[in-house]
There are 2 protein chains.
Amino acid sequence: MTGKEKALIEAKANILKALGHPTRLWMAERLADGEKCVCELAENIDADFSTISKHLAVLKQAGVVIDEKRGKQVYYRLKVPCILNFMPCIEAVLQATAQKHIELME
Amino acid sequence: MTGKEKALIEAKANILKALGHPTRLWMAERLADGEKCVCELAENIDADFSTISKHLAVLKQAGVVIDEKRGKQVYYRLKVPCILNFMPCIEAVLQATAQKHIELME
DNA sequence: TTTATATTTGGTCATTTTACCATATGTAAA
DNA sequence: TTTACATATGGTAAAATGACCAAATATAAA
């Protein structure tokens with residue numbers, strides 16, 4: 001594996017890792033239907049505001065979202081919406097894993 | 001968010017997290033063109049065998065791969081191949097993040 | 001059987017991650 | 001300009017992760 005290939009794999013893994021946390025994945029899914037300010041994203045998450053802010057920073061650093069400050073608020077949106085096209089497949093994995101998760105999908 | 005929704009998000013995040021490590025992502029991509037035994041996967045990875053084995057265990061636990069022992073060897077394969085359909089989009093994210101990564105994609 | 005090969009498991013340690021609190025920063029409203 | 005609001009940042013402690021080594025297990029070959 002060349003250095004370039006290695007760097008590429010690392011960059012890709014980094015994106016998946018960013019999405020690999022329940023809070024961050026939830027926020028990314030929320031952004032599927034358009035931008036939201038931090039306060040809107042925070043509404044349904046039971047965590048400190050600082051925690052939420054840091055999760056958003058991780059998504060931003062990974063290139064999954066971009067932010068824009070407008071007035072007092074900061075709006076986040078998906079940078080590349082296809083990100084979420086993946087979800088049906090992820091759910092297929094869960095289906096295939098049956099037993100343990102099948103009831104989640106009903 | 002109901003308990004069920006929370007559990008679902010956690011399960012999905014867990015799959016993404018499993019793929020969110022360079023070694024594991026690399027192995028998953030390797031499996032795209034069919035099953036491989038651990039020894040084959042290990043060939044191009046510079047890490048202890050025990051480390052590789054543990055990474056495979058993570059992928060297995062997440063439901064990304066399944067294993068089958070045949071003779072002295074254990075063969076792994078993707079459980080739901082669509083997993084890798086995601087990669088073009090991941091690469092699109094890298095493209096969009098330009099500057100820092102653009103040279104990786106040439 | 002003994003021995004060699006392939007893979008997994010258990011233990012340990014350094015590093016990373018995540019959550020919270022407190023505090024800082026930027027902007028709009030009073 | 002104060003003040004209030006929205007968000008980010010720094011610090012810190014607890015938990016999770018990842019890497020290695022040593023040892024266990026399973027199977028095939030001698």
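Which residues come nearest to DNA strand C? Keep that in mind while we walk through this predicted model, starting with the protein pair.

**Stop 1: the two chains.** Select chains A and B and superpose them. Chain A lands on chain B after a rotation of 180° with 0.0 Å of shift along the axis, at an RMSD of 0.1 Å. The two copies are thus related as by a two-fold rotation axis. The same surface does the job in both copies, with 100% of the contact residues of chain A recurring in chain B.

**Stop 2: the contact between them.** Now colour the contact: 36 residues belong to chain A and 37 residues to chain B. Staying on the side of chain A that touches chain B, pick out α1 (3-19), α2 (22-30) and α5 (87-96), each of which supplies at least two residues. The biggest giver there is α1(A), with 12 residues. Recolour that side by class and you get 24 nonpolar, 7 polar and 5 charged residues.

**Stop 3: DNA strand C.** Next, show the strand and the 24 residues around it. Back to the opening question: A:Ser50, B:Val38, B:Cys39, B:Ser50 and B:Ser53 come nearest. For the elements behind this surface, select α4 (49-62) in chain A, then α3 (38-42), α4 (49-62) and β3 (73-78) in chain B; these give two or more residues to the surface near DNA strand C. With 6 residues, α4(B) has the largest share of that surface.

**Last stop: colour by class again.** Near DNA strand C, the residues split into 9 nonpolar, 9 polar and 6 charged.

Methods
Residues are numbered from 1 along each chain as its sequence is written. Chains are lettered from A and ligands numbered from 1 in the order in which they are written. This is a predicted model: local features need pLDDT of at least 70, side-chain atom pairs count only at pLDDT 80 or more; totals for chains, interfaces and linings use all residues. Copies are superposed by least squares on the C-alpha atoms of residues with pLDDT of at least 70 in both. Two residues are in contact if their C-beta atoms, placed from the backbone, lie within 7 Å. Helices (H or I, at least four residues) and strands (E, at least two) are DSSP runs, numbered from the N terminus. Ala, Val, Leu, Ile, Met, Phe, Trp, Tyr, Cys and Pro count as nonpolar, Asp, Glu, Lys and Arg as charged, and the others, Gly among them, as polar. A residue is near a molecule or strand if its C-beta atom, placed from the backbone, lies within 6 Å of it.
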